[in-house]
Amino acid sequence: IYLVSDRILSVRARDWPEGSISEVPVEFHVWDIARLHRVMESKTGRDDLEIDFTKYQPGGIPCLAASVESGQYKAYLCVIPGDVLAKLYDEYGSRLLEGNVRSYLSLKVKINKGIRKTILGEPGMFFAYNNGIATTATYAEVKELSGGLKLLSVKDLQIVNGGQTTATLSTTARRDRATLDGVFVQMKLSVIPPERAGAVIPDIARYANSQNKVSEADFFSNHEFHQRIEQISRRLWAPATGGAQHETHWF
């Protein structure tokens with residue numbers, strides 16, 4: 001629900017928590033004249049979104065600095081707990097997906113059903129099964145602390161790939177009362193300078209969501225049964241036929 005006003009919102013009224021209408025989750029957004037003005041002046045063209053990870057994970061999010069020889073951006077690989085990602089979506093909702101190519105598609109979609117099944121049945125395997133998420137930001141505070149490099153905060157965080165994973169974690173935690181203990185998600189973070197964010201982030205979103213189609217037949221072709229048949233065919237010789245003086249392999 002969006003409320004747009006040409007007045008200034010009182011400083012005493014900040015964020016409204018997510019609610020529900022007839023059991024349908026609802027987000028509340030108030031756009032006053034000051035917020036509209038900030039967006040007009042923003043280099044990224046969107047409302048600033050600042051996230052302090054230490055509020056959700058004491059000490060910050062473990063990460064590694066990617067070896068990127070580029071002055072155009074910085075990159076980090078992070079491991080973010082599933083409950084932290086779900087809480088971020090609960091608090092900021094669709095604001096995290098403004099740079100994504102689509103919004104949440106519900107638990108009726110096959111892929112999201114599979115994500116929910118893993119959360120409930122094999123939470124410890126979630127990191128192995130899931131591709132993780134791709135995110136962008138215009139600023140990231142990263143420090144070397146005891147235990148390694150930690151991501152402490154970000155500005156203008158956008159989930160450009162992995163929105164379905166994020167929303168499904170939140171939905172499953174809420175509807176199924178799943179604790180998300182043992183669920184971890186790989187997060188790739190690209191930090192783009194504000195002056196280049198408007199041009200670069202859409203390209204990151206486009207390329208992160210592009211891949212060759214993989215069918216069920218492709219997965220079955222690599223099944224253990226076919227691998228064993230191939231091994232047998234490489235070991236056994238086929239009889240020589242048609243007057244040939246040598247045997248052959250088959251597969």
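Leu 180 lies in the loop between helix H5 and strand E12. In this predicted model, Leu 180 has a positive phi of about 65 degrees although it is not a glycine. Is this residue buried or exposed? Its relative accessibility is 7%, so Leu 180 counts as buried, because buried means under 20% relative accessible area.

Asp 156 can be read in a similar way. This residue sits in the loop between E10 and strand E11, which covers 158-161. Its phi is near 60 degrees, again a positive value in a residue other than glycine. Asp 156 has a relative accessible area of 5% and is therefore buried.

The next topic is the interior. The largest nonpolar core has 36 residues, and those with the most contacts inside it are Ile 51 and Leu 151. Which elements each supply at least two residues of this core? The strands are E6 (61-65), E7 (74-81), E8 (133-137), E10 (148-155) and E12 (184-191). The helices are H2 (82-92), H3 (110-121) and H5 (163-175). Of these, H2 gives the most, with 6 residues.

Ile 51 shows what such a position looks like in detail. Leaving aside its neighbours within four places in sequence, Ile 51 is in contact with Tyr 56, Leu 88, Tyr 92, Leu 96, Leu 152, Ser 153, Val 154 and Leu 157. Apart from the largest core lies another core, of 7 residues, including Ala 134, Ile 192, Ala 197 and Val 200.

Leu 151, named above for its contacts in the largest core, also has a place in strand pairing. In E10, Leu 151 is the bridge partner of Ile 61. The strands E6 and E10 pair in the antiparallel sense over 2 bridges. E6 also pairs with E7, in the antiparallel sense and over 3 bridges. Here Cys 63 has Cys 78, in E7, as its bridge partner.

The last topic is the surface. Which residues make the nonpolar surface patch of about 520 Å²? They are Tyr 2, Val 4, Ile 8, Ile 33 and Leu 36. Strand E1 (2-4) and helix H1 (33-41) each supply at least two residues of this patch. Tyr 2 has its place in strand E1. With a relative accessibility of 54%, Tyr 2 counts as exposed, because exposed means over 50%. Tyr 2 is thus exposed, whereas Leu 180 is buried.

Methods:
Residues are numbered from 1 along each chain as its sequence is written. This is a predicted model: local features need pLDDT of at least 70, side-chain atom pairs count only at pLDDT 80 or more; totals for chains, interfaces and linings use all residues. Side-chain values use heavy atoms; hydrogens and water are left out. A nonpolar core is a set of buried Ala, Val, Leu, Ile, Met, Phe, Trp, Tyr and Cys residues joined through side-chain atoms within 4.5 Å. Buried means under 20% relative accessible area, exposed over 50%, partly exposed in between (1.4 Å probe, protein chains only). Helices (H or I, at least four residues) and strands (E, at least two) are DSSP runs, numbered from the N terminus. Contact means heavy atoms within 4.5 Å. Patches are made of residues with over 30% relative accessible area and no salt bridge: like charges are joined within 9 Å, nonpolar side chains (Val, Leu, Ile, Met, Phe, Trp, Tyr) within 5 Å. Accessible areas come from the Shrake-Rupley method with a 1.4 Å probe; for residues, only the protein chains shown count as cover. A salt bridge is a side-chain nitrogen of Lys or Arg within 4 Å of a carboxyl oxygen of Asp or Glu. Two strands pair if DSSP finds at least two bridges between them.
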